Structure formats: structure tokens, C-alpha cells
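Please look over the sequence and the model shown below, and then follow the account of the ligand surroundings and of several single residues that comes after.

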Amino acid sequence: MKKTAFITGATSGIGKATAELFAQNNIRLILCGRRQERLDKLQEILNDQTEVTTLNFDVSKRQEVEKAIQSLPKNFQNIDILINNAGNAHGLATIQEGSIDDWDAMLDINVKGLLYVSKAIIPKMIENNSGFIVNIGSTAGKEVYKNGNVYCASKFAVNALNKSMRLDLNEYNIRVAGIHPGLVETEFSDVRFKGDTERAKTVYKGFKALQAEDIADIINFVVTRPYHVNIEDLVVYPTAQASATMVHKEF
Ligand code: NDP
Ligand code: 8X3
């Protein structure tokens, strides 16, 4: 039977690549993000392969999340797969110099946003006694690095929520998986450095970083296992990266 996936952060990077791969595999798509023109463009392209609807909302705004999900057309209301992907780092500074606005953004989006979306979607999965939630964490949620403080804390929270969702939803036959990538070349560093693209580019210079398609491929592998198989936790580094801070670069 055709499955329906709800992907947050589908306008860019990992979420967009996942949407493209899911469309190839004939999965019905609910694409979410705040940039409507990107959602429209992606919908137009993927509509040839599968049914697509879009939702424009900010994951950190609780009422917007609830309203958007309630507005889903009937044929998109049975969500089989939730990809909790929307998120970013904002800034890279010591705890004493960091911006409180950046901290708020990261905790509101990466942690509370993931919770708001999950809270709105889980009841139907429970009712159906079936579902799959994939939480996109980060290696920053496994190992803290200098200046990473609040971003790392937000991803440690995702790691904890991934584990606790598995426990709480176990009796409802709902699978929960956490995927934790290292350095992936997306718009992530543009956002972290607030549009300073030159600085963002240096993050991925001198080695082959993971590409959004690599993570999409892994997400697709995880969600296409037989129903009795759940990959609980996956850490994925580029070959050149050995830890949060050790990256073998050649210039
Ligand atoms: P991108 O910046 O390319 O994509 C981020 C996506 O999140 C965009 O689609 C953006 O959509 C969406 N988003 C951000 N803020 C909000 C918000 N408030 N409300 C709704 N949507 C939002 O980055 P990536 O693809 O790299 O990041 C995806 C996930 O992967 C994030 O959770 C990130 O932390 C994680 N990750 C990334 C790594 C990397 O190195 N790139 C490594 C490990 C994990 P829009 O702006 O249209 O709302
Ligand atoms: C993104 C990877 O190392 O920039 O989560 O924090 S890192």
C-alpha cells in the first residue's frame, strides 16, 4: 500500500533530498517549510512522480504547527512516516559570548519544534497502531565541541527524545529511529554564520563532506526495512571525519 510521509525542513538540504528520493519510491509527500516558493517549486517537480501537498509553518510556533497539521486534506491525514528534520545551528560562540536570541532559536526550533510536530502527529499513529518517526539528530548530540554549547545541547535533547519516544511508543507498534550525521554540505553553515557564505564554504573545504543525498539514502534504507526491524540509532560521518573536531583536510 502507498505510504504517506511528512517531512519537516523539506525546502533545503537533507529534507529536500529525502523528499526527492521518497518521490522516486512512490511515497505520498507532505512537504513542510517556511519558504513557500521553494515548496511550490518542489511540489511542481515531484508531482509527476507522486501526490504532494505542502504546509507552510514555523515549527517553533505551537499554534501554527497545530493549525497547519489540522488543515491537511483527508487523503494526507494518515501519516505513516514522520521525518523530524527541520533545524539549524545559529551562531558558533562561547557560552560567555553567545547570543541569547540564537539560543532561543535553536532550542525553540530543534527541540520544541520537533516536540510540537510529533505531538500533533502521534495520536493518529497510535490510533492506527502503526507508524515510523525518524528524528534527525547530529553527531553534535553525541559529542560536545567548543563553541557548540547550545546547538550541542539541542541535539543531545533530540537524542534523548529519540530514545524516550521509543520507550513511550513501544506498545503501539510505532518505530522510532535517530540518525546523527557529521558534516553535511547543505545550507546549514550559511544559516549558522548568518549568510556569510565565504565563512560557510570554509567548513567544507579540503575534504569530501557528506552530501544531503547520502543522508536521504540512509533515511530511505531505515524506513524501508521490514516492519519487525527498527534501526534505533545511526551515527554517520564523512570518511575524512573521525570525531566532532577531527577532520582530515588536504589543501
Ligand atoms: P538546511 O539549512 O539546508 O535545511 C534546514 C531546513 O530546516 C530547511 O528546509 C528550513 O526550511 C527548515 N527550518 C529551519 N528552521 C525552521 C523553522 N523554524 N520552521 C520550519 N522549518 C525550519 O540544513 P540541513 O539540511 O543540513 O539540516 C537538516 C537537519 O539536519 C537539521 O536538524 C540539522 O541540525 C541536521 N544536521 C545537519 C548537519 C549538517 O552538517 N548539515 C549535520 C547533522 C545534523 P525553511 O527555512 O524554508 O523554513
Ligand atoms: C551539524 C554537524 O558538526 O556542524 O549538526 O555540529 S556540526
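How many Å separate an oxygen atom of ligand 2 from an N or O atom in the side chain of S138? The separation is 2.5 Å, within the limit for a polar contact, which is a pair of N or O atoms within 3.5 Å (within protein, one must be able to donate a hydrogen and the other to accept it, and residues adjacent in sequence count only if both atoms are side-chain atoms). The model is a predicted one, in which local features need pLDDT of at least 70, side-chain atom pairs count only at pLDDT 80 or more, and totals for chains, interfaces and linings use all residues. Residues are numbered from 1 along each chain as its sequence is written, chains are lettered from A and ligands numbered from 1 in the order in which they are written, and side-chain values use heavy atoms, with hydrogens and water left out.

Two tyrosines join S138 in contacting ligand 2: a polar side-chain atom of Y145 lies 2.6 Å from an oxygen atom of the ligand, and an N or O atom in the side chain of Y151 is likewise 2.6 Å from an oxygen atom of ligand 2. The protein covers 88% of the 240 Å² of accessible area that ligand 2 has on its own, where accessible areas come from the Shrake-Rupley method with a 1.4 Å probe and, for residues, only the protein chains shown count as cover. The surroundings of ligand 2 consist of S138, A140, Y145, Y151, G182, L183, F188 and R192, a residue being near a molecule or strand if one of its heavy atoms lies within 4 Å of it. By class, this shell has 5 nonpolar, 2 polar and 1 charged residues; Ala, Val, Leu, Ile, Met, Phe, Trp, Tyr, Cys and Pro count as nonpolar, Asp, Glu, Lys and Arg as charged, and the others, Gly among them, as polar.

Ligand 2 sits in the largest pocket, and ligand 1 sits in the largest pocket as well. A pocket is defined on a 1 Å grid over the protein atoms alone, as an open set of points where a 1.4 Å probe fits, with protein on both sides within 12 Å along at least five of seven lines, whereas from a cavity the probe cannot get out; lining residues have an atom within 4 Å of a point. A molecule sits in a cavity or pocket if more than half of its atoms lie within 2 Å of its grid points.

Around ligand 1 there are 29 residues, the closest being T11, S12, R34, Y151 and T186, and this shell divides into 12 nonpolar, 12 polar and 5 charged residues. Oxygen atoms of ligand 1 lie 2.5 Å from an N or O atom in the side chain of S12, 2.9 Å from a polar backbone atom of I14 and 3.0 Å from an N or O atom in the side chain of N88. The protein covers 97% of the 880 Å² of accessible area that ligand 1 has on its own. The elements that give two or more residues to this shell are α1 (13-24) and α5 (149-169), helices (H or I, at least four residues) and strands (E, at least two) being DSSP runs numbered from the N terminus.

Helix α1 also holds A17, which at 5% relative accessibility counts as buried, the classes being buried under 20% relative accessible area, exposed over 50% and partly exposed in between (1.4 Å probe, protein chains only). The C-alpha atoms of A17 and Q211 are separated by 9.3 Å, although these residues are 194 residues apart along the chain. In the loop between β1 (4-7) and α1, T8 is buried, with a relative accessible area of 2%. N88, already met beside ligand 1, is 6.9 Å from V191, C-alpha to C-alpha, across 103 residues of sequence; V191 itself belongs to helix α6 (residues 188-192) and is partly exposed at 26% relative accessibility.

Two asparagines have a positive phi, a value noted here for residues other than glycine: near 65° in N26 and near 55° in N129. N26 lies in the loop between α1 and β2 (28-33) and is partly exposed at 39% relative accessibility, while N129 lies in the loop between α4 (100-128) and β5 (131-136) and is partly exposed, with a relative accessible area of 38%.
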